[in-house]
Amino acid sequence: MHTVRFTGAALAAIPLALGALTSQSSAQDPSPSPTGTFGPGCSALSQNVDTAKDKVVDAAAAYPQLSQLVSAAVRAHLTETLNDKPAVTVFAPDNDAFKKVTASQLSALLTNEGQLKKTLTYHVVDKKITPDQLSDGSFTTVEGGKLTTSGSGSDFKVNGKANIVCGNIKAANATIYVVDSVLQPPS
């Protein structure tokens, strides 16, 4: 009977070799998964929030970075309208997007319910949009205007200027793409 002896180096080499095989077989595709969130701003949003069972306005309210959007939706009496829609996509301006609007423009918008409703519904598409549809998309908004999306991987723009900073956030009746600019409906 022969006894096989392993040296310490040989024993250490086995797990390292197995680890290399494991890491090769589980290499991830660099493009975003249609089922997961993506974008440089996702880390700023609380990742411990599960909004999949919440209606869209309640889901947005779970993120402090969307508080100005939620406040504007409440002011425009859109909460029920948006929460009652079966499947929508919202291009949700974050609080930094609202900071890009001048104080006088923001004040005028917030005091004119009709214009506020028009602006906010321009950010909503009455269907689910997947990340795969963003690379060269053209969509009719609830407001009635068109918006376009372009890009690839995890780098997308809306109307050629607003960046999607965190995308594919799930809500019970919506998909949310957080954008860094307030979109203006066509005049």
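**Exercise 1.** Which residues touch the most other members of the largest nonpolar core?

*Solution.* The model is predicted: local features need pLDDT of at least 70, side-chain atom pairs count only at pLDDT 80 or more, and totals for chains, interfaces and linings use all residues. Residues are numbered from 1 along each chain as its sequence is written, and side-chain values use heavy atoms, without hydrogens and water.

Step 1. A nonpolar core is a set of buried Ala, Val, Leu, Ile, Met, Phe, Trp, Tyr and Cys residues joined through side-chain atoms within 4.5 Å; buried means under 20% relative accessible area (1.4 Å probe, protein chains only).

Step 2. The largest such core has 34 residues, and Val56, Leu120, Ile169, Ile176 and Val178 touch the most other members. Among the elements that each supply at least two residues of this core are helix H2 (56-61), helix H7 (113-121) and strand S6 (162-171). Helices (H or I, at least four residues) and strands (E, at least two) are DSSP runs, numbered from the N terminus.

Step 3. A second, separate core of 15 residues includes Ile129 and Phe139.

**Exercise 2.** Find the disulfide and state which parts of the chain it ties together.

*Solution.* Step 1. A disulfide is a pair of cysteine sulfur atoms within 2.5 Å. The whole structure has one, joining Cys42 to Cys166 with S to S 2.1 Å.

Step 2. Cys42 lies in the loop between helix H1 (8-25) and H2, and Cys166 in strand S6, so the pair ties together parts 124 residues apart in sequence.

Step 3. The torsion about the S-S bond is about 100°, so the disulfide is right-handed. Both Cys42 and Cys166 are buried.

Technical notes:
Buried means under 20% relative accessible area, exposed over 50%, partly exposed in between (1.4 Å probe, protein chains only).
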